[in-house]
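The questions below go through one protein model piece by piece. Each answer ends on the item asked for.

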Amino acid sequence: MALASIAIASSNPLYSSLTLPTSRGRGGGGSTRRRRTHCLKITGSSLAGGSALFQAAHHTVSIACASEAAKAGIPLGHYEYCSQIDFAFDDADIIEEGTLISVIGRTRNEGEESIIQEKSILNAANKLVFMITENQYKSGPDGSIPVLVNSLNWMQAAEEIDDLFLGDAEVWRRPSIGIAGPKGGDFPLVTKEGHNVLDVIFTSPILSLNEVSKSLDEVDGVIDHGIISKFPCTAVIASESGLSVVDNLPKNAVKEP
């Protein structure tokens with residue numbers, strides 16, 4: 001039985017799995033059937049905002065596929081019960097030109113989806129597509145990178161990160177309410193896993209997100225961060241003049257159909 005990729009657009013955050021029947025065995029006789037779960041991630045925030053980004057979302061997944069899924073009686077489930085994630089798409093705060101290394105979680109608030117959870121889904125997907133606007137795709141990106149740290153020794157981690165990028169970035173603990181500041185105010189944000197979020201705010205262009213990621217991984221107390229380096233990866237870039245699609249495959253690589 002042929003396997004079809006199906007995507008569904010939603011106005012709310014949704015993690016969907018497609019349970020598709022597949023046939024096993026050689027030839028027509030004596031074949032056995034089993035049910036195999038295929039997952040895709042759909043984030044409602046990806047579809048919000050300007051019309052250009054919506055066009056990117058529309059290009060990335062076909063609404064017609066949702067109708068075909070319903071006609072075929074393909075059930076939807078939760079991603080946690082999936083054995084495999086075939087395709088994931090998401091928006092990103094910034095993407096580094098050429099490498100397609102991305103940053104997520106810059107504006108994540110308390111109670112919203114965890115960066116750890118989101119990264120685990122995106123990294124596990126066989127195919128990953130980001131949807132962004134043209135001003136989010138740049139060489140030498142700047143701005144903040146969220147870093148998850150242990151709440152008990154967040155100050156030590158913050159000081160080490162500050163020394164690591166001395167002169168190039170400031171380190172602020174993210175607040176749950178109120179105005180941000182170096183210490184996060186009286187009510188610092190605590191993630192569902194119990195971590196604090198440090199916003200490493202770069203005041204000059206970042207020469208290499210990959211090098212920043214490696215450096216953060218070495219800091220004691222850092223649990224994770226918002227940098228995603230995925231290969232292969234595709235970006236659908238929306239502008240007022242239309243859409244463009246780029247990937248980080250080598251030029252001589254053969255793309256899957």
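Q: Over how many bridges do strand β6 and β13 pair?
A: This is a predicted model, in which local features need pLDDT of at least 70, side-chain atom pairs count only at pLDDT 80 or more, and totals for chains, interfaces and linings use all residues. Residues are numbered from 1 along each chain as its sequence is written, and side-chain values use heavy atoms, with hydrogens and water left out. Strands are DSSP runs of E with at least two residues, helices are runs of H or I with at least four, and both are numbered from the N terminus; two strands pair if DSSP finds at least two bridges between them. Strand β6 (residues 102–103) runs antiparallel to β13, and the number of bridges is two.

Q: Which residue in β13 is the bridge partner of Val103?
A: β13 covers residues 227–228. The bridge from Val103 leads to a residue of that strand, Ile227.

Q: Which strands stand at the edges of the open sheet that contains β6?
A: The sheet has four strands in the order β8-β5-β6-β13, with mixed pairing. An edge strand here has a single partner strand, so one side of it is left without a neighbour in the sheet. The strands in that position are β8 (137–138) and β13 (227–228).

Q: Is Lys119 buried or exposed?
A: Lys119 is found in helix α3 (residues 115–124). Buried means under 20% relative accessible area, exposed means over 50%, and partly exposed lies in between (1.4 Å probe, protein chains only). The relative accessible area of Lys119 is 9%, so this lysine is buried.

Q: Which residue's side chain is joined to that of Lys119 by a polar contact?
A: Contact means heavy atoms within 4.5 Å, and beyond four places in sequence Lys119 touches Ile104, Asp224, His225, Ile227 and Ile228. A polar contact is a pair of N or O atoms within 3.5 Å; within protein, one must be able to donate a hydrogen and the other to accept it, and residues adjacent in sequence count only if both atoms are side-chain atoms. The polar contact from the Lys119 side chain is 2.8 Å, and its partner is Asp224.

Q: What is the relative accessible area of Leu100, which has a positive phi?
A: Leu100 sits in the loop between β5 (94–96) and β6. Its phi is about 60 degrees, although the residue is not a glycine. Leu100 counts as buried because its relative accessible area is 2%.

Q: Which residues touch the most other members of the largest nonpolar core?
A: A nonpolar core is a set of buried Ala, Val, Leu, Ile, Met, Phe, Trp, Tyr and Cys residues joined through side-chain atoms within 4.5 Å. The largest one has 23 residues, and the members that touch the most others are Ile145 and Ile161.

Q: Which element gives the largest share of this core?
A: The elements that give two or more residues to this core are β9 (143–150), α4 (154–164), β10, β11 and α5 (209–217). The largest share is four residues, and it comes from α4.

Q: How many residues are in the second, separate core?
A: Leu100 belongs to this second core, as do Leu122, Leu128 and Tyr137 among others. The core is separate from the one above, and its residue count is 21.

Q: Which residue in β11 is the bridge partner of Arg173?
A: Strand β10 (residues 169–173) has a covered face of Ala169, Val171 and Arg173, and an uncovered one of Glu170 and Trp172. β10 pairs with strand β11 (residues 195–202) in the antiparallel sense over five bridges. The bridge partner of Arg173 is Leu198.

Q: What is the distance between the C-alpha atoms of Val246 and Val129?
A: Val246 lies in strand β15 (residues 242–247) and counts as partly exposed because its relative accessibility is 25%. Beyond four places in sequence, the residues it touches include Leu100 and Tyr137. Val246 and Val129 are 117 residues apart along the chain, and their C-alpha atoms are separated by 9.8 Å.

Q: Which peptide bond is cis, with omega near 0 degrees?
A: The bond ends at Pro232, a residue in the loop between β13 and β14 (234–239). The cis bond runs from Phe231 to Pro232.
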